[in-house]
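Colleague: Please choose one part of this model and look at it closely, covering strand pairing, charged side chains and open space. I would rather have one connected account than a list.

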Amino acid sequence: MKKLFTLLLIVGITTVSFSQDINYGVHFAANVSNMDYEVDGIRPNPHRIGFVFGAFVDFGLTENLALMTELQYSPEGANLQYYKTDYLNLPVILNYTVFGGFKVGVGPQLGLKIHKHQDGFKNLVFSGVGFAEYMITDEFGVDFRYLYGISNVFDEELNLKATQGVMQFGFTYRL
């Protein structure tokens with residue numbers, strides 16, 4: 001029985017791995033970010049607007065289900081000199097094709113701070129990602145993402161707690 005189960009498992013994995021559709025592409029977006037404080041934070045807390053760019057790989061698991069991972073540069077924080085942070089983000093999004101070229105998805109994201117050292121911000125932050133994309137053609141699409149900060153962005157010594165909320169309005173191009 002164990003040999004039969006193992007054989008069926010190997011055949012199933014092989015079939016799925018050969019039927020995978022892998023797509024590569026680039027992503028460009030406009031970012032609107034802000035900080036959400038647990039208690040009173042900075043008084044003026046203006047939104048920071050920036051440009052995001054990255055590259056992604058989309059692994060087709062089934063006809064409608066795919067796993068997309070991306071490496072992107074993203075300016076985040078508030079639009080004040082000491083509250084600006086730039087991240088190298090790694091989102092992993094499980095997305096589902098609802099109909100035609102329309103996809104929705106969710107997943108985790110890890111962000112690595114890439115500028116300034118010892119500035120009061122943590123080097124690693126975690127977020128959740130909500131994703132919607134519409135492919136206009138087979139190569140070109142538009143997307144919207146909302147990144148909901150899960151971890152505190154400040155170091156423990158500051159005694160401040162804040163998460164980031166980021167909206168991205170973007171374009172994807174599949175190679």
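Modeller: I will take strand 8 and follow its links outward; in this predicted model, strand 7 (residues 140-149) and strand 8 pair in the antiparallel sense over nine bridges. One position in that pairing is Tyr148, which stands opposite Gly165 in strand 8. Strand 8, which covers residues 162-174, also runs antiparallel to strand 1 (residues 22-37), and 13 bridges join these two. Here Ala30 has Phe169 of strand 8 as its bridge partner. Strand 8 is therefore paired both with strand 7 and with strand 1, since two strands count as paired once DSSP finds at least two bridges between them.

From the backbone I turn to the side chains. Arg174 forms a salt bridge with Asp58, at 3.3 Å from N to O. This pair links distant parts of the chain, with Arg174 in strand 8 and Asp58 in strand 2, 116 residues apart. Arg174 counts as buried because its relative accessible area of 7% is under the 20% limit, and Asp58, at 2% relative accessibility, is buried as well. The two do not stand alone, as a network of salt bridges links Asp58, Lys103, Glu133 and Arg174.

Two members of that network also appear around Asn95, a residue of strand 4 (residues 84-99). Leaving aside residues up to four places away in sequence, Asn95 touches Asp58 and Lys103, and further contacts include Asn64, Leu65, Val104 and Phe131. With a relative accessible area of 1%, Asn95 is buried, so the contacts with Asp58 and Lys103 are made by a residue whose accessible area is under the 20% limit.

The same two charged residues, Asp58 and Lys103, lead on to the open space. Rolling a probe the size of a water molecule over the atoms shows where empty space is left. The largest pocket holds about 310 Å³ of space, and 18 residues line this pocket, those nearest its centre being Asp21, Asn23, Asp58, Thr97 and Lys103. Strand 2, strand 3 (65-77) and strand 4 are the elements that give two or more residues to this lining. By class, the lining of the largest pocket comprises nine polar, six charged and three nonpolar residues. Asp58 thus takes part in the salt-bridge network while also being listed among the residues nearest the pocket centre.

Two further salt bridges help to place this part in the rest of the model, which holds nine salt bridges. The side chains of Arg48 and Asp86 meet at 3.2 Å, N to O, and this pair too links distant parts of the chain, with Arg48 in strand 2 (residues 48-60) and Asp86 in strand 4, 38 residues apart. Both ends are buried, Arg48 with a relative accessible area of 12% and Asp86 with one of 14%. The other bridge brings the side chains of Asp143 and Arg145 together at 3.3 Å, N to O. Asp143 counts as buried at 6% relative accessibility, and Arg145 is buried with a relative accessible area of 1%.

To draw the threads together, strand 8 is joined by backbone bridges to strand 1 and to strand 7, while Arg174 carries a side-chain link from strand 8 to Asp58 in strand 2.

How values were computed:
Residues are numbered from 1 along each chain as its sequence is written. This is a predicted model: local features need pLDDT of at least 70, side-chain atom pairs count only at pLDDT 80 or more; totals for chains, interfaces and linings use all residues. Side-chain values use heavy atoms; hydrogens and water are left out. Helices (H or I, at least four residues) and strands (E, at least two) are DSSP runs, numbered from the N terminus. Buried means under 20% relative accessible area, exposed over 50%, partly exposed in between (1.4 Å probe, protein chains only). Contact means heavy atoms within 4.5 Å. A salt bridge is a side-chain nitrogen of Lys or Arg within 4 Å of a carboxyl oxygen of Asp or Glu. On a 1 Å grid over the protein atoms alone, a cavity is a set of points where a 1.4 Å probe fits but cannot get out, and a pocket is an open set with protein on both sides within 12 Å along at least five of seven lines; lining residues have an atom within 4 Å of a point. Grid points are joined across faces, edges and corners, and a volume is the space filled by probe spheres set on the points. Ala, Val, Leu, Ile, Met, Phe, Trp, Tyr, Cys and Pro count as nonpolar, Asp, Glu, Lys and Arg as charged, and the others, Gly among them, as polar.
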